[in-house]
Amino acid sequence: MLNNLDRKILSELQQDGRLSFTDLGKRVGLTTTPCIERVRKLEREGYIQGYSAILDAQKLEVGLVVFVQVRLNRTHKQTFEDFRRQVQDLPEVQECYLVTGNFDFLVKARVKDMMAYRDFLEGSLLNLPGVQESTSIAAMETVKESLKVQLNAL
């Protein structure tokens with residue numbers, strides 16, 4: 001169970017994952033050693049799953065975001081598991097969710113341009129096990145994008 005101090009630590013690390021333990025401790029009211037111990041505990045318990053850098057997709061020439069609704073052929077129960085496993089291997093896919101509604105999965109892909117998207121769709125995504133149908137939505141502008149998780153009771 002998280003207490004308010006743990007939540008403060010998580011909040012600070014969401015803002016800046018490169019904080020030193022000394023600086024983090026100062027921000028949350030701990031000395032360095034207890035701060036290190038709490039962060040390590042949060043890591044062990046899975047509250048902190050990892051650390052990463054946020055990259056500029058435009059500069060890296062993968063600025064086009066496309067959302068793809070995917071419907072699977074439901075004749076075989078194994079189809080969903082096969083799709084889940086193989087979609088993991090597509091580097092263009094940033095996120096994939098099993099969803100409710102008219103489609104089975106919602107995929108967020110990031111590519112260079114529409115030609116690259118077409119290549120990805122026709123050469124990879126539509127060839128995954130059981131894919132019956134897809135609908136694509138290309139994002140025209142990023143209004144908000146965040147990896148932050150809301151921390152209640154701060």
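Reader: How many disulfides does the structure hold?

Author: Zero; a pair of cysteine sulfur atoms would have to sit within 2.5 Å to count as one. Before we go on, this is a predicted model, where local features need pLDDT of at least 70, side-chain atom pairs count only at pLDDT 80 or more, and totals for chains, interfaces and linings use all residues. Residues are numbered from 1 along each chain as its sequence is written, and side-chain values use heavy atoms, with hydrogens and water left out.

Reader: Why does Cys35 count as buried?

Author: Buried means under 20% relative accessible area, exposed means over 50%, and partly exposed is in between (1.4 Å probe, protein chains only). Cys35 comes in at 0%, so it is buried.

Reader: And why is Cys96 called partly exposed?

Author: Its relative accessibility is 29%, so Cys96 lands in that middle class. For the chain as a whole, buried residues make up 30% of the 154 residues.

Reader: What makes up the secondary structure of the protein chain?

Author: Five helices and four strands, in the order α-α-α-β-α-β-β-α-β along the sequence. Those are DSSP runs numbered from the N terminus: helices are H or I with at least four residues, strands are E with at least two.

Reader: Why is the protein chain described as more spread out than a compact globule?

Author: Its radius of gyration is 20 Å, well over the 15 Å the globule rule gives for 154 residues, so the label follows. The radius is taken over C-alpha atoms, and the rule is 2.2 Å times the number of residues to the power 0.38. The C-alpha box along the principal axes is roughly 55 × 40 × 25 Å.

Reader: What is the phi of Glu61?

Author: Near 60 degrees, a positive value in a residue other than glycine. Most residues other than glycine have a negative phi. Glu61 lies in the loop between helix H3 (32-44) and strand S1 (64-72).

Reader: Gly50 lies in the loop between H3 and S1 too; what makes Gly50 exposed?

Author: A relative accessible area of 51%, so Gly50 passes the cut-off for exposed. Gly50 and Gly17 are 33 residues apart in sequence, with their C-alpha atoms 9.4 Å apart.

Reader: How do you know that Met140 is exposed?

Author: Its relative accessible area is 84%, so Met140 qualifies as exposed. Met140 lies in the segment after strand S4 (131-138). Its C-alpha is separated by 25 Å from that of Gln88, 52 residues apart along the chain.
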